[in-house]
Amino acid sequence: MIKMKRGLQTAFAAVALASAAFLPVSAMAAGKLTVSSPQDPGSWDPIDTFLVNWASVATNIFDGLTYRGPDLKLVPGLATSWDVLDNGMRIRFKLREGVKFHNGEDFNAEAVKFTFDRLLGAEGAKGPQQSNYNSIASVEVIDANTVDFKMKVADPVILTKLAGYGGMIVPPKYIQEKGDAYFNAHPVGTGAFKFVSYEPKVNIVLAANPDYFGGAPKISDLEYKFIAEPATAVAELQAGRVDLVIPPTIPIGMIPTIQGDSKLAVVTSPGPTVYALRFNTRDGITKDPKVRQALIMGVDRDAIIKSILGGQAEPIASFQGPLSFGFDKAMKPLPYDPAKAQALLKEAGVAPGAAVQIDLRGNEATFIEVAQAISAYLQAIGITATIKPYETNVLLNDIIPNGKTGAMFQQSWGGWTLDYDNTAVAMYHTGEKWNPYDSDPKMDELLARQRTITDVAEREKVLQEIAQYAADRALEMPLYNLNAIFGISKRVKNFTPVPDSRLKFTDVTVE
Amino acid sequence: MEGGGSHENKGTRDLAAFLIKRLAQAIFVVIAVTLTVAFAIRLTGDPALMLTQGAGSVTEADLVRIREGLGLNEPFFVQYLHFLKGIVTLDFGRSFLGGTPVSLLIGKALPATLALAFTSLIVSIVISIPLGIKAATARGKWADQMIRILSLVGLSFPNFWLATMLVLLFAIALPLLPPSGMDGIASFILPAVTMGIILTATNVRLVRTTMLETLRSQYIMVARAKGLSENTVLYKHALRNCAIPLITYFGLQFGGLLGGIVVVERVFNWPGLGTLAFDAVGARDYPVLQAVITVLSLMIIGINLIVDIAYGLVDPRVRTE
């Protein structure tokens, strides 16, 4: 009896000891989050990609000098402060001290210089990121924790861009020793999670970085599975093998399936992507601004949002959403007014039954429905619209850039800088790839002017003027700003949906 | 003895000639197929534009720079020769999307696809042979009618629909099996059964027809007259004589299976060649797509060769001819 008691005591003591040993660890970081992402970017090197699904993973691995969180406000990242000097031609950054890369290497001014020398040099030239940072002439080390960015031209968006993909700081020694190809598949940064393993087309596994300068993550493990097919991703979510499905995966039509499952929820945030039907302003009836206005007024865009998009979108007045810098709250979309539309068409001498063609991406089921509704509305004001779906690549690489579209064509746009500059230049400047038809000296002048302005408020005013001018000329039929749609298991707590796919899982917990 | 030796030599020579002829055919087919693919995919889109989508204002100079980085500034035939050289040295270059070596991607995807295709074929053979024999022996009776109706139903299922239904049933309603991915034996069941059911639909009919023909032969009558049990007659005498057309068909089917696996792989997020090809087409990832097509054509050629050799194993007449 005594013997047995002692045995029990020993067992209890052992259990108590064991739990004491393990408790602190599990209290700090516990739980694993499994995320379904629709695309494997193939490389984790920041200078190799523009894909938002690179960012939805890599934001957890890398940091930039600046950081833009879910509220889209620019805050210090690896730089603690900065001064814009010499009319924007030089920016001095004070760097965070005591930060180490995941491999133990120190983060310092040399690392910043190395990152940008690499981005702006031969290695960066092979990738798509370099063109975003061409305004930088060079980075100079002042001391171990201070750098100067020398600019070729003043770039009002550069601080935002430094929070962007190409501006992520990479470890110099690691890359020099291991080489670029190794770095592609074995990324090392300063971020909240460390790289563990990567299997192309299957998954990438990360683990919490307890020394993260922004505070250790609350979960210990993070896995991304690459699942392209929406139905498959949602099935994994329903089966409890995935905790979160990130955009762009879930189509509007699948929202009820998720909402119908008591273990799951749909979380949305305003997204970066705006949709419009743009006009061929060079040929045919849409050459006339009056006709373009009539076509816009003939379509009830609010009804489309409510019925086809299940309310998961906001109407827009210009080709940008409310998150975009340059957005003007005061600007209102043209009203739905079929009578006025018909009057305008008559004024322009367009006979009833005139035909227009709407070109769109053949693989976007939801937008095809939207286009069908638009076509029905146009029918009601006496315009016969035919819909022509293309394979996405053909539409984007041939039909639009070479000006071979019908009177109207689909444009969806999600500039990650969320600065109207990016969008407006691409859409309206003479000779741009996305602008095969229009050439307007006044527009070109406005677009060029705003790039030279470093005063934030003043530049915003010019951007708003550009938006208004584009709307006055009715260069496109602005449709809507689509929400970013996340499917989530209710086991996941403290998740904040982000508008720009820059997911950072430091605060998330999993029950 | 001597005669036997020379006969053997002649046999080896014949086999060598046969293999050389097949090799020449294989080279021709690979060149024809890859040349078409390489040429066609280059007509439909610019990978540099695909890479910079959503990049904001990209200038023509940027695109030229990126194309140069991808080796696309060289003339088409130079690019193609590089690719041919790659086949010989087993170095298919790097993926345009992220620069992963293509041989690494293929090295992971090929076993996944082969394993799934093979399992599916086994599933189908295991189901279709007993069912086909049953249908043949019960010709015109109730069992035959049922089997034929079921096979018609199976034939009319689109594979993506069948896949989704199986997932809904066995992964969500009854959470028994993983809905997607390749981890462990359990994950093979749903995709292999999906493919297997669709294959079975045609295979049952084939087994039934072949069996009916064989059962009419005189040696079956003899076997039955000898008083052999029905099972011995069916499985030992009849089935063995059905083997040639069945092996031919299953072999060719395996080739077709590799092509048709794309949809099933995508629905089940199977990390195989189909998924690889699907993504490569979308991204205009020339090196990956060309490599997948090359591997697939080589496999189909290889399977045809194996089928020819397998004849010899099951039918001594082919061996001596």
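# Exercises on a two-chain predicted model

In this predicted model, the axes of helix H5 (residues 102–137) of chain B and H8(B) come within 5 Å of each other, crossing at roughly 35°. Let's start there.

**Exercise 1. Work out what kind of crossing H5(B) and H8(B) make, and which residues their contact holds.**

Step 1: Look at how H5(B) passes H8(B): the crossing is right-handed.
Step 2: Now sort the residues of the contact of H5(B) with H8(B). You get 20 nonpolar, eight polar and one charged.

**Exercise 2. Describe the overall make-up of chain B: how many helices and strands are there?**

Step 1: Count the elements. Chain B has 13 helices and zero strands, so reading along the sequence is just one α after another, as the DSSP runs are numbered from the N terminus.
Step 2: Get the dimensions. The C-alpha trace of chain B spans about 85 × 70 × 30 Å along its principal axes.
Step 3: Check burial. Of the 321 residues in chain B, 37% are buried.
Step 4: Look at the contacts in chain B with a separation of 6 or more: 70% of them join residues 24 or more positions apart.

**Exercise 3. Place Leu176(B) and decide: is this residue buried or exposed?**

Step 1: Find Leu176(B) in the chain. It sits in the loop between helix H7 (159–173) and helix H8 (186–215) of chain B.
Step 2: Count its neighbours. There are 12 other C-beta atoms within 10 Å, and exposed means 12 or fewer, so Leu176(B) is exposed.
Step 3: Try a distance too. Leu190(B) is 14 residues away from Leu176(B) along the chain, and their C-alpha atoms are separated by 11 Å.

**Exercise 4. Do the same for Met299(B): how many C-beta neighbours does it have inside 10 Å?**

Step 1: Met299(B) lies in helix H12 (residues 286–314) of chain B.
Step 2: The count inside 10 Å is 18. Since buried needs 20 or more and exposed needs 12 or fewer, Met299(B) comes out as partly exposed.
Step 3: Follow the chain to Leu258(B). That residue is 41 residues from Met299(B) in sequence, yet 8.9 Å away in space, C-alpha to C-alpha.

**Exercise 5. Explore where chain A touches chain B: which helix of chain A gives the most?**

Step 1: Start with the totals: the contact takes 39 residues from chain A and 42 residues from chain B.
Step 2: List the helices on the chain A side. Helix H7 (180–185), helix H8 (230–238), helix H14 (392–399) and helix H15 (420–428) each supply at least two residues.
Step 3: Pick the top contributor: H8(A) gives the most, with five residues.
Step 4: Sort the chain A side by type, and you find 18 nonpolar, 13 polar and eight charged residues.

**Exercise 6. Take a closer look at H15(A): how many of its residues are buried?**

Step 1: Go through the helix. Nine of its nine residues are buried, including Tyr420(A), Asp421(A) and Tyr428(A).
Step 2: See what the buried residues of H15(A) pack against: strand E16 (408–413), helix H16 (441–452) and helix H17 (456–472) of chain A.

**Exercise 7. Find which residues touch the most other members of the largest nonpolar core.**

Step 1: That core has 209 residues, and the ones touching the most other members are Leu33(A), Leu244(A), Val245(A), Ile374(A) and Val292(B).
Step 2: Zoom in on Leu244(A). Leaving out residues up to four places away in sequence, Leu244(A) touches Leu33(A), Val35(A), Phe486(A), Ile488(A) and Val492(A).

Conventions. Residues are numbered from 1 along each chain as its sequence is written. Chains are lettered from A and ligands numbered from 1 in the order in which they are written. This is a predicted model: local features need pLDDT of at least 70, side-chain atom pairs count only at pLDDT 80 or more; totals for chains, interfaces and linings use all residues. Helices (H or I, at least four residues) and strands (E, at least two) are DSSP runs, numbered from the N terminus. Two residues are in contact if their C-beta atoms, placed from the backbone, lie within 7 Å. Ala, Val, Leu, Ile, Met, Phe, Trp, Tyr, Cys and Pro count as nonpolar, Asp, Glu, Lys and Arg as charged, and the others, Gly among them, as polar. A nonpolar core is a set of buried Ala, Val, Leu, Ile, Met, Phe, Trp, Tyr and Cys residues joined through C-beta atoms within 7 Å. Axes are lines fitted to C-alpha atoms, for helices over the stretch in contact, and angles run from 0 to 180 degrees between N-to-C directions. A crossing is left-handed if the near helix is turned anticlockwise from the far one by less than a right angle, and right-handed if clockwise.
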